[in-house]
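Me: Please take a close look at one part of this structure and describe, step by step, how it is put together and what lies around it. I would prefer a connected account to a list.

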Amino acid sequence: MALRGCLRAGRGLLRAAGPRGPPARWGCAGGRPPAFGFLFDVDGVLVRGSQVVPAARQAFQRLADSRGRLRVPVVFLTNAGNCLRSAKAQELSQALGLQVSPEQVILSHSPLRLFSQFHQKCMLVAGQGPVEENAQKLGFKHVVTIEALRKAYPLLDMVDQSRRPKELPPPTTGFPTVEGVILFGEPVRWETSLQLIIDILLSNGNPGAELQDIPYPHLPVLACNMDLLWMAEAKMPRFGHGTFLLCLESIYKKVTGRELKYEALIGKPSSVTYRYAEYLIKQQAEEQGWKSPIRRLYAVGDNPMSDIYGANLYNNYLKSAHQNQVQAGVKRSPQAASPQTEDHLELRKGYNNSVESCKSILVCTGVYRRNVDVPSNTEECMTETVFHGHRDFCFDPSLVEASYIVQDVNDAVQLAFKKENWS
């Protein structure tokens, strides 16, 4: 499966995380160190487009002490990827009125730093924003953008007639052979990206050559962010990168008769992303000298098919791992953990696998909206009738049922505090 490659590439995950600067200012309630941490989605939970969700600032006032220091470790876990980590941290700082460090932010592409087997290859990158800079910061040494490919081969991009060359251009020379594709996020001109990515896959990285036998397996494809939809200022959800991936997969299969294969799918709901988030939560607690081990994570999101599915999938992994600790030498059953959650991630020396659960909290300020008030029993089941997840993730109705449903992120924080008996 595609995600097996993702987890294999995560070998050495925690060692590869690199040096970390200090996170935002921290405090501690009444001298009692926290045994829990928060994983906050961003779009639809803290902001909608450029507008701050009012409950977000209220929530972080609760999370901070009287001097503005966070009392609990926090990671911002977003499937956004068309920006730099530092830029997202700055956006969050302005939105929340609290200093957010880049080390507290996980973007959909952050785990790509682990895929060192591709760092020396010539990779075509697609998306928008600083995709070339993002790739370079993640360790990729040889990067080609969609725009550079289009300029090198002007006869490939023919949908927009105004961009077609007026005269037949000379043959392209000296352009490197593409050895793989990275899909960072939804591009601006979908028709251009779809056409050129398909060209690269069909030509084995040489789009100027005549098409002969179609290579299969095709060149490696790494995709970040599988969200079909996301919530901005509009009343209805907007297309996400998952919609672009759906188009790409459909075109490739229609043209070749074969399935498009991914070397890795990362970002929520992939378990490798949550494993990385758990590590950052523990790092924050260690840096503050909080001796109490982190036992529970609360993942707050608005999208059942990414935030809730991912948190529940990781919760299943944690339960399975805990059973393995209790019953040493007993192999996990296939039902207990899917191949996506197989533990191929090496922990650094001394790493304490103390986390026991990852509870999912669904808010109603984003993709998931209800026409009725939040029920008094917030643990009642919520079942999706349409599967909005990616093709390579099996649909399990139990994985889109949130542990709790609340109105907004402020209610989510209050709920977690109550569960933890936290002042």
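Reply: A salt bridge here is a side-chain nitrogen of Lys or Arg within 4 Å of a carboxyl oxygen of Asp or Glu. The model is a predicted one, and a search of the whole of it finds 14 salt bridges. One of these joins the side chains of Arg391 and Asp392, with 2.8 Å from N to O. The two partners are not equally accessible: Arg391 is partly exposed at a relative accessible area of 35%, whereas Asp392 is buried at 17%. Both residues also belong to a network of salt bridges that links them with Lys253 and Glu259.

With that term in place, the part to look at closely is strand β1 and what packs around it. All five positions of this strand, residues 36-40, are buried, so β1 is largely enclosed by the rest of the structure. In a regular strand the side chains alternate between the two faces of the sheet. Here Phe36, Phe38 and Phe40 point one way, while Gly37 and Leu39 point the other way, and every one of them is buried.

Two strands pair with β1. With β13, residues 296-301, the pairing is parallel and extends over 5 bridges, and within it Gly37 has Leu297 as its bridge partner. With β4, residues 74-77, the strands again run parallel, joined by 3 bridges, and there Phe40 stands opposite Phe76.

The strand β13 brings a charged residue into the picture as well. Arg296 forms a salt bridge with Glu420, their closest N and O atoms being 2.6 Å apart. This pair ties together distant parts of the chain, since Arg296 lies in β13 and Glu420 in the segment after α11 (409-419), 124 residues away. Glu420 is buried, with a relative accessible area of 10%, while Arg296, at 26%, is partly exposed.

The phenylalanines of β1 lead on to the nonpolar packing. In soluble globular proteins, nonpolar side chains tend to be buried together. The largest nonpolar core of this model has 40 residues, and those that touch the most other members are Phe38, Phe40, Leu46, Phe60, Leu63 and Phe76. The elements that contribute two or more residues to this core are β1, α3 (54-63), β4, α4, β13 and α11, with the largest share, 6 residues, coming from α11. Apart from this core lies another, of 36 residues, among them Ile197, Leu202, Leu399 and Val400.

Leu63, at the end of the range given for α3, shows how these elements meet. Setting aside neighbours within four places in sequence, Leu63 is in contact with Phe38 and Phe40, with Arg69, Leu70, Arg71, Val72 and Val74, and with Val413 and Phe417.

Leu63 is also one of the buried residues of α3, the others being Ala55, Ala56, Ala59 and Phe60. Viewed down the axis of α3, these buried residues fall within an arc of 135 degrees, so they line one face of the helix. The face turned away from that buried side carries the exposed residues Pro54 and Gln61. The cover over the buried residues of α3 includes β1, β3 (51-52), β4, α4 and α11.

Helix α4, residues 85-96, deserves a last remark, as it holds both ends of another salt bridge: Lys88 and Glu91 are 3 residues apart within it, about one turn of the helix. An α-helix has 3.6 residues a turn, so residues three or four places apart point the same way. The side chains of Lys88 and Glu91 meet with 3.3 Å from N to O. Lys88 is buried at a relative accessible area of 8%, whereas Glu91, at 43%, counts as partly exposed.

Taken together, β1 is a wholly buried strand that pairs in parallel with β13 and with β4, and two of its phenylalanines, Phe38 and Phe40, are among the residues that touch the most other members of the largest nonpolar core.

Notes:
Residues are numbered from 1 along each chain as its sequence is written. This is a predicted model: local features need pLDDT of at least 70, side-chain atom pairs count only at pLDDT 80 or more; totals for chains, interfaces and linings use all residues. Side-chain values use heavy atoms; hydrogens and water are left out. Buried means under 20% relative accessible area, exposed over 50%, partly exposed in between (1.4 Å probe, protein chains only). Helices (H or I, at least four residues) and strands (E, at least two) are DSSP runs, numbered from the N terminus. Two strands pair if DSSP finds at least two bridges between them. A nonpolar core is a set of buried Ala, Val, Leu, Ile, Met, Phe, Trp, Tyr and Cys residues joined through side-chain atoms within 4.5 Å. Contact means heavy atoms within 4.5 Å. The arc is that of the directions from the helix axis to the C-beta atoms.
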